[in-house]
Amino acid sequence: MNKKNKIIKPDTIITSHINADFDAIASMLAAQKLYPGSVIIFPGSQEKSLRDFFISSTSYLFNMADPDSIDFSQTSKLVIVDTRQKSRLTQVSELLDKKDIKIDIYDHHPAMKGDITGAFEIIRKTGATTTILSALLQKKKIVPSPEEATIMALGIYEDTGSFTYASTTKEDFEQAAFLLSCGANLNTIVSFVVKEIKSEQVTWLNELLNEMTVHKINGVDIHMSVISSPTYITDLATIVQKIVRMENLDIFFAIVLMDNKINIIARNRISEVDAGKILSKFGGGGHSYAASAKVDNQTLAQVEIMLIKLLQKEVKNIQIAKHLMTSPAITIEPRITCKTAGNMMTRYNINTLLVVDKKKNSYEGYITRQVIEKTLHHKLSHLPVKEYMNSEVSYISSDADISQIENIIIEGKHRILPVIDDGWIKGVITRTDLLNYLVQHNKALKRNETESGFKKNVKERQIENILYQRLDNRIRQLLQNIGKTGNDLGFHMFVVGGFVRDLLLNRQIDDIDIVVEGDGIEFAKIYSKKEGCRINTHKKFGTAVIIFPDNFKIDVASARLEYYKTPAALPIVEKSSIKLDLARRDFTINTLAISLNPDNFGTMIDYFGANRDLKDKTIRIIHNLSFVEDPTRIFRAIKFSNRFGFKIGKVTSNLIHNAIKIDSFKNLSGLRVLSELKQIFEEENPIPAIRTMERYGLEKVLHKELTFIPNTYQLLESVNKILSWHDLLYMDEPYPRWSVYFMALLNRSSYTVCEQICDRLNTPLKEREILLEKRYKAEKQLHLIENTLTYTRQDLYWVLINFKTEYILYMMALAKDEEVRKAISNFYTHQRNIRPYIKGRDLLKIGVPSGPVFTTVLNQVLNAKLDGQLKTKKEEIKFATAYAKKNKLID
């Protein structure tokens, strides 16, 4: 091996694709023997078994160099093996752009868009590229050493699945035999090819099986699993191959998020699908039967949707006409009598005959048993069949797919469908043939679902038992009534979003959101009338609120699609399906729905992997432009992360940084930002969320000069402690909890900055007063209290009594002196609600004239009570009488 720090100038360089497999390694070694003096650039591999094998056992066989140690100026030839895709040759991109370079290519992959063209090429359909190069060695009588033969044989064994893949050719067997004759060690080969599943891999195998869904695309059952892992899954391709064999799958796609990249691995056994071509759209590649790709900066939901769309476009329809048809077709000529036609039907036990003019070799129509029986009844059986045949003809070719057959027989209401190629009738497909196929196919699907534990097209799960366990009778009965009412109207009804999320997390459910596949407002009106409820509607958004007599509320919406004309604008709304309605939501964990219709009540629907992300405790968005379209979702991501103790997914986190970087908030209404901030500050402990906001730089969205320092968090911790104390003791005393945290955040900012923040947020007048004037008064009053040597209980009462709860709590949190905090706490706990027992009428009885003097006397009574001098009403009257006499208010 060349030393890394030594600059070399090779004439010939050999390389292969990034993430090299054993076939690529073996092909480079074989090419090295065909090109003496050449240097190999190893592109690297992520498969641990291959890296370990290469590094520890075989690197001495390769004349290998690091690209950084090579001067390409003298290189005249580039030899590429096991690929032709430029995007997979990044390590030699400089050479590919060199004008005078000669390129030799050896490859077994099918041609694809973007392929490099070589001056010399050997492209053959073999199971492995190593097979091609080994044949050249054999032809040139170049004998590899036993170690070299072992590596080359390993390449063939791996890429042919030990000669089990459909792509395996006779030549693969022949070259494997040649390499064995050269001393290839089968024990070594078996140790790498036959891989035992390790215990941690069994976990991921089960995960892939549990998350498997079936998508029927153009008549092909596409099996797909979407999972995520916080760590790298070793030998993922082996696990995928194991699943394919265990479940006997024709085609399987595994979409796996590992670290910050999404890995797609495909295995395929049928000709209707080209896995390599499909995954090339993701920047990957491979064969029609085995392929892989890596995707950056996309969410799992996006990759899954993109893959399904590609499959819908690329998968060929299964051509089953020739398998369904009965051959030969039984026909009758137009001139033959109806009676003869009836006899033929009885003889062959069929219900329909094709009418064919053999002289013209043309299909004229068909006649049915029902028509023949009617001609007999009406004594018209002597007439020719052409008089009563159905002449509206349709036919197909033998390569037609199931969708074409269904369309003609079911939609076109044809009893029989001839299969005609080049003018000749090859056979017929009857309505019974089609029905039998559909029934059997449906049984196979159901059997597959039962055995494997997965559902078709969408992840579904029956959770009616959870509804019974975790919901009270009223809510459960209400949901059933909603489902029945909607069902009677012909609507599909769902409870969605946070309700389902919190149900699965076993958290308190605060809101019930109903989505109607149909007219949500119409449903709400009919249901409200039936149940004696009030209703508020919003026609623009197709939403309604049902208000029960006890003020319990349910939100109802038509299933809708939203799109944004500009970033941060309010959405434009159109009616849609439940899937598209869920797709418009912010995060995967909020995309769950439960069907409420009686036939499938309690069936949970998961289109976007929400259940997986709840299990992974991860916040993930559905679409990459989600934060650009609605930046308030950034605050919601932070809120949910803090509330549930979930992490924000790496891709989602990167997109938050991007949205802030491009200033997505510039067109966003300040009131919407304020609303999200208030929701965060209303959380039980918003401090971790505030730290996350600062980590993303969101405080600068409010004002460029707003900064959070350690003292800010000390004050916030103090606020949290005080509010926890208050909320435990005074649960029934509401106050704007959010405002105390907001005041604490603004504490160290100048009045001007605070004003500008309120302007930016379009803060309503009353809330603006809380954050500005009244906060400032509370801070000033606290300063006076802390700097006064002595404060009697009377003094403290009169300076604090006009401050509302939120300001008292703010002052307690802000107080530096523990004695002052205790004094304010004592006022709030024991003194704020002290009032004299006596009233104005009591003062009139003792002779005090009505007027402003009442207030003076009552305040003196209150002061005496605050000092503990007065305990009873009798004592208060006695004190008031003495005070009035002393001050000559009475005689």
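**A buried loop threonine, a buried helical tyrosine and the fold around them**

Thr763 counts as buried, because its relative accessibility is 8%, under the 20% limit. The model is a predicted one. Thr763 sits in a loop. On one side of this loop is α31 (751–760), and on the other is α32 (765–771). With neighbours within four places in sequence left aside, Thr763 is in contact with Leu674, Cys758, Arg768 and Leu771.

A second buried site is Tyr741, with a relative accessible area of 0%. Tyr741 belongs to helix α30, which covers residues 737–746. Residues up to four places away in sequence are again not counted for the contacts of Tyr741. On that basis, Tyr741 touches Phe681, Glu684, Pro686 and Ile687. Tyr741 also touches Leu716, Val719, Asn720 and Leu723. Ile785 is 44 residues from Tyr741 in sequence. In space, the C-alpha atoms of Tyr741 and Ile785 are 22 Å apart.

Strand pairing was examined around β22. Strand β22 (residues 553–558) pairs with β19 (residues 513–517) in the parallel sense. Four bridges make up this pairing of β19 and β22. Val516 stands opposite Ser558, a residue of β22. Strand β22 also pairs with β21 (residues 543–547), here in the antiparallel sense. Five bridges join β21 and β22. Ile546 has Ile554 in β22 as its bridge partner. Strands β21 and β22 form a hairpin with five residues between them. In this hairpin, Asn551 takes a positive phi near 70°.

The whole chain gives the setting for these sites. Its secondary structure comes to 39 helices and 28 strands. The chain has 891 residues, of which 53% count as buried. Its radius of gyration is 40 Å, whereas a compact globule of 891 residues would have a value near 29 Å. The C-alpha trace spans about 135 × 100 × 45 Å along its principal axes.

Contacts between residues at least 6 apart in sequence were also examined. Of these, 67% join residues at least 24 apart. The chain exposes about 42900 Å². Carbon and sulfur atoms supply 50% of that area. The chain carries 122 positive and 105 negative charges. The mean positions of the two sets of charges are 3 Å apart.

Terms used: Residues are numbered from 1 along each chain as its sequence is written. This is a predicted model: local features need pLDDT of at least 70, side-chain atom pairs count only at pLDDT 80 or more; totals for chains, interfaces and linings use all residues. Side-chain values use heavy atoms; hydrogens and water are left out. Helices (H or I, at least four residues) and strands (E, at least two) are DSSP runs, numbered from the N terminus. The radius of gyration is taken over C-alpha atoms; the globule rule is 2.2 Å times the number of residues to the power 0.38. Buried means under 20% relative accessible area, exposed over 50%, partly exposed in between (1.4 Å probe, protein chains only). Contact means heavy atoms within 4.5 Å. Accessible areas come from the Shrake-Rupley method with a 1.4 Å probe; for residues, only the protein chains shown count as cover. Lys and Arg count as positive and Asp and Glu as negative; His and the chain ends are not counted. The place of a charge is taken as NZ of Lys, CZ of Arg, CG of Asp or CD of Glu. Two strands pair if DSSP finds at least two bridges between them.
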